[in-house]
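I opened a fresh notebook page for a structure that is new to me. Here is what I looked up, one topic at a time.

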Amino acid sequence: MPSTRRAASSVLLTCLMLAGCSPTSLGGSTSSGSPSAKSAVSGAAGAGREIAVGAGPQKKYTVQQQPAAGSCHYQYLKGEPLEDPKCTPGAISPAVTQSNLKSTICRKGGYTSGIRPSTSVTGKEKELNAASYGFTGRMGDAEYDHLISLQLGGDPNDYRNLWVEPADPGHKKGSGVNNAKDPVETKLHTAVCKGKVTLAAAQQAIVTDWTTALSRLGLG
């Protein structure tokens, strides 16, 4: 019996010295609340970070505080504007889940119009967020955009999910909002409702990079 214990102790010491053993390899188990377990759950959407959960639809929306003026910076990919992930990481609505798609974003008659904040709220937020990003272009050509769109279960009024999206390259000044991100969102919504991709996968693809979201999911 002592020799068996000495052998086990020797194996444990060797493992620790080589840093090559996990709790499970030594006959233990990992806790469901461990970082590895959590990352596995959040990673079910695809390879990416965990997305914040917002407050969801509200009966009455209020103007949300925005990041400090000048603290956010646009990124550009082939001329297309991308959000600053530190300021606009995205946020999902707890009211939309994979199990209730038919009664929420995929229901006949639409879903988004009944949960969208009024322009009296978003108009003020848009001005504040423009200052956050240092946006100085025409406000009428810029979209106050939900990074994860409402039709993909994005939170309606969480500041982490909204940003002033500049017009696309070649956009004619004064012609209003017309961004290339919008049809991407529509195609993802269709794919989710047809069961081609999961809701979580679509949300993760958008926050990773909306310009590559479709190709990332094999949708074109």
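The entries below go through aromatic rings, the nonpolar core, a pair of strands and the charged side chains.

**Entry 1: what I am looking at.** I am working from a predicted model. I keep that in mind for each value I write down.

**Entry 2: aromatic rings.** I searched the whole structure for ring pairs and found four. I began with Tyr74 and Tyr133, which are stacked, with 4.6 Å from centre to centre and 25° between the planes. Which parts of the chain does this pair tie together? Tyr74 sits in the loop between strand 1 (52-53) and strand 2 (75-77), while Tyr133 belongs to helix 3 (residues 119-133), so the pair joins parts 59 residues apart in sequence. I then checked burial: Tyr74 has 18% relative accessibility and counts as buried, and Tyr133 is buried too, at 5%.

Tyr74 also pairs with Trp163; I noted this pair as tilted, with 6.2 Å between centres and 55° between planes. Trp163 lies in strand 6 (residues 162-165), so this pair ties the loop that holds Tyr74 to a part of the chain 89 residues away in sequence. Tyr74 and Trp163 are both buried. Stepping back, I see ring pairs linking Tyr74, Tyr76, Tyr133 and Trp163 into a cluster.

**Entry 3: the nonpolar core.** I looked up the largest nonpolar core next and counted 38 residues in it. Which members touch the most others? They are Leu188, Val192 and Ile206. Helix 3, strand 6, helix 4 (181-193), helix 5 (199-208) and helix 6 (213-216) each supply at least two residues. The largest share, five residues, comes from helix 5.

I followed Leu188 outward, leaving aside neighbours within four places in sequence, and its contacts include Leu152, Ala202, Ile206 and Leu219. Then I turned to helix 5 as a whole: eight of its 10 residues are buried, so this helix is largely enclosed by the rest of the structure. Among them are Leu199, Gln203, Gln204 and Val207. I jotted down a general reminder here: in soluble globular proteins, nonpolar side chains tend to be buried together.

**Entry 4: strands 5 and 6.** Strand 5 (residues 143-146) points Glu143 and Asp145 one way and Tyr144 and His146 the other, and all of these are buried. Strand 5 pairs with strand 6 in the antiparallel sense, over four bridges. I looked up one partner: Glu143 is bridged to Glu165 in strand 6.

**Entry 5: charged side chains.** I found four salt bridges in the structure. One joins Asp141 and Arg138 at 3.4 Å, N to O, and Asp141 is buried at 6% relative accessibility.

Lys181 kept me longer. Its salt bridge with Asp145 has the closest N and O atoms 2.9 Å apart. This pair links distant parts of the chain, with Lys181 in helix 4 and Asp145 in strand 5, 36 residues apart. Lys181 also forms a salt bridge with Glu185, at 2.3 Å between the closest N and O atoms. Lys181 and Glu185 both lie in helix 4, four residues apart, or about one turn of the helix. Lys181 is buried with a relative accessible area of 0%, and Glu185 is buried with 6%. Shared partners join Asp145, Lys181 and Glu185 into one network.

**Entry 6: a charge without a partner.** Asp209 lies in the loop between helix 5 and helix 6. How far away is the nearest side chain of opposite charge? It is Arg216, at 5.7 Å, and Asp209 is buried yet has no salt bridge. Not counting residues up to four places away in sequence, Asp209 touches Leu77 and Leu82.

How values were computed. Residues numbered from 1 in each chain as written. Predicted model: local features only at pLDDT ≥ 70, side-chain atom pairs only at ≥ 80, totals over all residues. Heavy atoms only, no water. Phe/Tyr/Trp six-rings, centres within 6.5 Å; stacked < 30°, edge-to-face > 60°. Buried < 20%, exposed > 50% of the residue type's maximum accessible area, 1.4 Å probe, protein only. Core = buried A, V, L, I, M, F, W, Y, C linked by side-chain atoms within 4.5 Å. Contact = heavy atoms within 4.5 Å. Pairing = 2+ DSSP bridges. Lys, Arg positive; Asp, Glu negative; His and termini not counted.
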